[in-house]
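Welcome, and thanks for taking a look at this one with us. Please open the structure and keep it beside you while you read.

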Amino acid sequence: MNEITLNVLKVSQPIGSMYIAKIQGIELSELAQADIRKLYNKEDYIGIQRELDSERVKKIRKYISTTDASFPNSIILNLDSQFLIEETDSYIKFERNPKAFSIIDGQHRLAGFEKNNIYFEVIVTIFVDLDNERQAILFKTINSEQKKVNPSFKYDLESYSTVKTPEKVIRELTLAFNIDAQSPWQGRIKLGGRKDELSYRGIISQKAFADPIVKYIYDVNDTYEIRDQLKRYKEEYNKEDNFDIQGVFDINKYDKEKYIFWQLYIKDKEEMIYKILLNYFGAIYEMLEKDWELEYQSVLTKTTGYNAIMKLFKDVFLILYNEKNFTKERFKEILQPLKCLSGEITAGNFGASGESATNNLYKKFCHILDL
C-alpha cells in the first residue's frame with residue numbers, strides 16, 4: 001500500500017481535535033477534492049463548496065510562481081477515516097488516494113497547484129471525519145465573518161513596494177492629485193477610503209480614482225507577472241529602487257491604443273502622465289465647474305461620473321496623441337461643447353450609480369462631442 005506519513009501538531013478546540021501539518025502543494029492537489037454544492041433530486045443541494053472560479057485559479061497559478069508568493073493561512077481539510085492507517089499526537093499515516101481528503105476551505109489555492117511542479121509547501125489543518133454540519137459551519141464562518149481589507153488601503157500598502165509597479169506609480173499620482181493646489185481633486189479623494197485631514201472634502205475613494213488609470217497602463221490580470229519581473233530584474237542585477245525599467249519590459253507588450261500609458265510607464269515618465277491628466281481634469285473642471293462644485297448634488301465627481309470622464313479621456317487622448325499636444329488649452333478646445341451640460345449631471349438624468357449610469361453619461365459626452 002502506498003502510504004503517506006505527516007508529522008503533526010495536535011490541537012484541541014471546542015469543535016474537536018485537529019492536526020496542523022505541512023505538505024507539498026502539488027502532492028496535496030492529488031489527494032484532495034472539493035465538495036462542490038450541487039442540486040440533488042431537483043429539491044435539495046448537497047456539498048459545502050462553491051463552483052471553482054477559473055479566472056481566480058489562473059491568477060493563483062501565476063501568483064505561486066512569483067518570488068514573493070506565500071500562503072501563510074492553512075488549507076482546511078477533512079480526512080476520511082477509511083483512508084486513515086495510524087493516528088497519534090505527533091504523526092498521522094494515511095493511504096495515498098485522490099479521495100483521501102475533502103476540502104473545507106482553500107479549494108482555489110489548491111487548484112492553483114494542479115499540474116504545477118513548483119516547490120511550495122502549504123500549511124494544512126486536518127480534521128478526521130468531521131460531520132457535514134460542522135464543515136458547513138467552518139466554511140460559513142471563515143468566508144463570511146472576516147472583515148475585508150479596505151480596497152483603498154491596499155493602494156496605500158504599495159508605498160512599501162521596493163519596485164515601481166503600476167499600482168505604486170498611480171498611488172503616488174493619486175496622492176499628488178489630492179494635495180496639489182492646482183488640482184481640481186484637491187482634498188476630494190478619500191485616500192484611506194474615508195474622510196481625513198488630507199481628504200477633508202472626500203467624495204471618491206482612492207481605489208475608485210486609481211483603478212481606471214492603472215487599467216490604462218497594463219492588463220491588471222498581469223499584476224503578479226509584472227511585479228515578479230521587476231523583482232527578479234532588481235535582484236539579478238542588484239539594482240537600486242529607481243532602476244530604469246525599460247530594460248525589463250517590451251515597449252510593445254500591450255496595444256498602445258488600449259493601454260495608452262504603458263509606454264510612458266516603462267519610460268519612467270509618470271510626471272508626464274500626471275501633467276496630461278491634470279490638464280484634462282482642469283479642462284473638464286472649467287467646462288463643468290457648476291457640477292464639479294455641487295459635489296453631493298451632482299454625480300460628476302462621484303464614481304459614476306468619474307468613470308465616464310475616464311472613458312472619455314481615452315478617446316480624447318488618442319486624438320491629441322497624433323497631434324503630440326496635451327496642453328490644457330487644447331483639451332478645452334475639444335471639450336468646449338460640454339458646457340451645455342452644466343448643472344445637469346445628476347442622478348435623475350443619468351442614474352445614481354453602476355455601469356449603466358456611467359455608460360449613459362459617457363454616451364452623452366460622446367454625442368455632444370461627436371466622437
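The notes below go from the overall make-up to single strands, rings and loops.

This is a predicted model, so please read every value as computed from it. The protein has 371 residues, of which 47% count as buried. Its secondary structure consists of 15 helices and 13 strands.

**Overall make-up**

- Among the contacts with a separation of 6 or more, 69% are between residues 24 or more positions apart.
- About 19,800 Å² of the protein is exposed, and carbon and sulfur atoms supply 47% of that area.

**Strand E9 and its partners**

- Strand E9 covers residues 91-95, and its side chains alternate between two faces.
- On one face you will find Ile92 and Phe94, which are buried.
- Tyr91, Lys93 and Glu95 point to the other face and are not buried.
- One partner of E9 is strand E1 (residues 3-7), and the two pair in the antiparallel sense over 5 bridges.
- Within that pairing, Asn7 has Tyr91 as its bridge partner in E9, and Tyr91 is one of the side chains on the face that is not buried.
- Strand E8 (residues 84-87) also runs antiparallel to E9, and 3 bridges join them.
- Here Glu87 stands opposite Ile92 of E9, and the side chain of Ile92 belongs to the buried face.
- The connection from E8 to E9 is a hairpin through 3 residues.

**Aromatic rings**

- How many aromatic pairs does a search of the whole structure find? The count is 31.
- One such pair is Tyr63 with Phe71, with 5.8 Å from centre to centre and 45° between the planes, and it is tilted.
- Tyr63 and Phe71 are both buried.
- The rings of Tyr254 and Tyr259 have centres 4.9 Å apart; their planes stand at 50°, so this pair is tilted too.
- The reasoning on the angle is short: planes under 30 degrees apart would count as stacked and over 60 as edge-to-face, so 50° leaves the pair as tilted.
- Tyr254 and Tyr259 are both buried as well.

**Cysteines**

- How many disulfides does a search of the whole structure find? The answer is 0.
- Is Cys340 buried or exposed? With a relative accessible area of 53%, Cys340 is exposed, because the cut-off for that class is over 50%.
- Cys366 counts as buried, because its relative accessibility is 11% and the limit is under 20%.

**The loop between H12 and H13**

- Helix H12 (303-323) and helix H13 (328-335) have a loop between them, and Lys324 is found there.
- Which ring does the charged end of Lys324 sit over? It is the ring of Tyr321, and the charged end is 4.2 Å from the ring centre.
- The backbone of Lys324 has a phi near 55°, a positive value in a residue other than glycine.
- For context, most residues other than glycine have a negative phi.
- Lys324 counts as exposed, because its relative accessibility of 59% is over the 50% cut-off.
- Thr327 has its place in the loop between H12 and H13 too.
- With a relative accessible area of 39%, Thr327 is partly exposed.
- Thr327 and Ala283 are 44 residues apart in sequence, and their C-alpha atoms are 9.5 Å apart in space.

**Two further loops**

- Asp268 is found in the loop between helix H9 (262-266) and helix H10 (270-287).
- Phi of Asp268 is near 60°, again a positive value in a residue other than glycine.
- Asp268 is partly exposed, because its relative accessible area of 28% falls between the 20% and 50% limits.
- Where is the place of Asn150? Asn150 is in the loop between helix H4 (132-144) and helix H5 (151-157).
- Asn150 is partly exposed, at a relative accessible area of 29%.
- Along the chain, Asn150 and Lys207 are 57 residues apart, and 9.2 Å separates their C-alpha atoms.

Note on methods
Residues are numbered from 1 along each chain as its sequence is written. This is a predicted model: local features need pLDDT of at least 70, side-chain atom pairs count only at pLDDT 80 or more; totals for chains, interfaces and linings use all residues. Side-chain values use heavy atoms; hydrogens and water are left out. Rings of Phe, Tyr and Trp (its six-membered ring) pair if their centres lie within 6.5 Å; planes under 30 degrees apart count as stacked, over 60 as edge-to-face and the rest as tilted. Buried means under 20% relative accessible area, exposed over 50%, partly exposed in between (1.4 Å probe, protein chains only). A charge sits over a ring if NZ of Lys or CZ of Arg is within 6 Å of the ring centre and within 35 degrees of the ring normal. Helices (H or I, at least four residues) and strands (E, at least two) are DSSP runs, numbered from the N terminus. Two strands pair if DSSP finds at least two bridges between them. A disulfide is a pair of cysteine sulfur atoms within 2.5 Å. Contact means heavy atoms within 4.5 Å. Accessible areas come from the Shrake-Rupley method with a 1.4 Å probe; for residues, only the protein chains shown count as cover.
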